[in-house]
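User: Please take a close look at one part of this model, the open sheet and the helices that pack around it. I would like the geometry and the contacts spelled out, with the cut-offs behind each term.

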Amino acid sequence: MPGRIYASLPLAGPSGAAGREVLRGAELALERAGGAELVVLDAAGEDRDARAAANARRAAGDPHALAYLGDFHSSQVMRSAAVLSQAGLLEVTPVATFTGLSGSTLVRLMPDDAAGARAIARWLEEAGVGRLLVVHDHDEGYGIPVGRMCTEAARRRGIDARSRPVWDHDEPMAGDVGAAQAVLYAGVAGSGAVGLWHGLHALDPQLWLLGTEGVAMPRLTRELSASAAARTRFFGAQYAPWGFYGYEAMALILDAIAEGDGDRAAIVRAARSTRDRDSLLGRYSLDADGHTTSTAYGCFAVAGGEVVWESTTAER
């Protein structure tokens with residue numbers, strides 16, 4: 001009987017479209033190479049983290065399971081990695097970016113948030129920004145730590161960087177913005193994002209309006225004036241179509257299974273010893289923690305109300 005590969009991804013809800021694209025990429029890689037049975041588990045739902053943990057337990061308890069492709073969200077990976085590490089089952093997460101992810105069998109294909117902060121700092125330096133204000137939301141799991149990492153990374157580049165929480169409604173911004181040449185918002189776009197963007201642009205039409213990937217939402221970009229859009233840039237770890245990440249995750253799993261000859265421990269060793277691998281995502285290696293060494297990060301502009309690719313930025 002062929003071994004099984006479990007895929008735990010959101011197939012419905014807000015992340016459903018992206019999850020299905022990741023899955024289709026994984027299916028294409030498997031169709032090309034063959035050699036394993038794919039078991040697809042939906043990880044969407046009101047309690048998505050608990051669902052991911054349940055999916056991981058199902059895979060861990062299957063004696064024919066050889067690997068696990070997932071999960072999608074970092075909070076889910078934190079739950080599934082603990083289960084799969086204990087079971088010695090390889091887990092390849094295609095798109096999770098939280099810096100604190102860990103596990104003895106975990107492989108991460110996207111650069112983490114710390115690498116993203118360093119890439120943003122490099123973009124700022126190349127854009128000639130010497131004074132930066134980082135504004136973050138109140139999320140202790142994302143906006144606050146990412147804002148802190150962006151502030152610290154900018155300072156290491158010699159940029160005068162300050163940070164503060166996002167302003168309350170009708171709270172004056174001018175005094176905090178001061179002589180900043182760029183404002184970077186770290187967090188997720190809320191209902192006040194459009195007003196924030198236009199308010200900052202009104203203070204200084206030459207001010208760079210920057211955001212992490214959680215801000216790059218249609219409800220913001222479609223409401224921006226042409227002049228505000230021209231000064232807007234977003235940064236995100238996704239610099240290729242979602243399907244590419246699913247394809248590479250499955251391709252790496254299949255290569256590790258072939259090298260490991262069906263033994264879970266050997267499969268994990270094979271995957272985590274990856275060095276200078278050429279892939280759809282470019283060349284990368286995995287470090288001692290199973291995390292990609294790639295620092296490539298996407299920079300996105302706004303055109304016609306849509307988020308569009310502009311360039312790759314990376315830590316140097």
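Analyst: What follows covers the sheet, then the helices on it, then one helix pair.

This is a predicted model, in which local features need pLDDT of at least 70 and side-chain atom pairs count only at pLDDT 80 or more, while totals for chains, interfaces and linings use all residues. Residues are numbered from 1 along each chain as its sequence is written, and side-chain values use heavy atoms, with hydrogens and water left out.

Helices (H or I, at least four residues) and strands (E, at least two) are DSSP runs, numbered from the N terminus. Seven strands make up an open sheet with mixed pairing, in the order S7-S6-S8-S9-S10-S11-S12; two strands pair if DSSP finds at least two bridges between them. Strand S7 (160–165) and strand S12 (306–314) are the edge strands, each pairing on one side only. From one strand to the next, the twist averages 25 degrees. Strands of a sheet pair through backbone hydrogen bonds, either parallel or antiparallel. Within this sheet, strand S10 (residues 232–236) pairs with strand S11 (residues 296–303) in the antiparallel sense, over three bridges. Phe-235 has Cys-299 in S11 as its bridge partner.

Helix H4 lies across strand S6 (131–136), strand S8 (182–186), strand S9 (208–212), S10, S11 and S12, and runs at about 90 degrees to S12. Axes are lines fitted to C-alpha atoms, for helices over the stretch in contact, and angles run from 0 to 180 degrees between N-to-C directions. Helix H7 (residues 193–203) also packs on the sheet, where H7 touches S8, S9 and S10 and its direction makes about 150 degrees with that of S9. Contact means heavy atoms within 4.5 Å.

H4 (residues 113–126) also has a helix partner, H5 (residues 143–156): their axes come within 8 Å and cross at roughly 45 degrees. The two helices are therefore oblique to each other; angles under 35 degrees count as roughly parallel, over 145 as roughly antiparallel, 65 to 115 as roughly perpendicular and the rest as oblique. H4 passes H5 in a right-handed crossing, meaning that the near helix is turned clockwise from the far one by less than a right angle. On the H4 side the contact includes Ala-114, Ala-117 and Ile-120, and on the H5 side Val-146, Met-149 and Ala-153 are among the residues met. By class, this contact has nine nonpolar, no polar and three charged residues, where Ala, Val, Leu, Ile, Met, Phe, Trp, Tyr, Cys and Pro count as nonpolar, Asp, Glu, Lys and Arg as charged, and the others, Gly among them, as polar.
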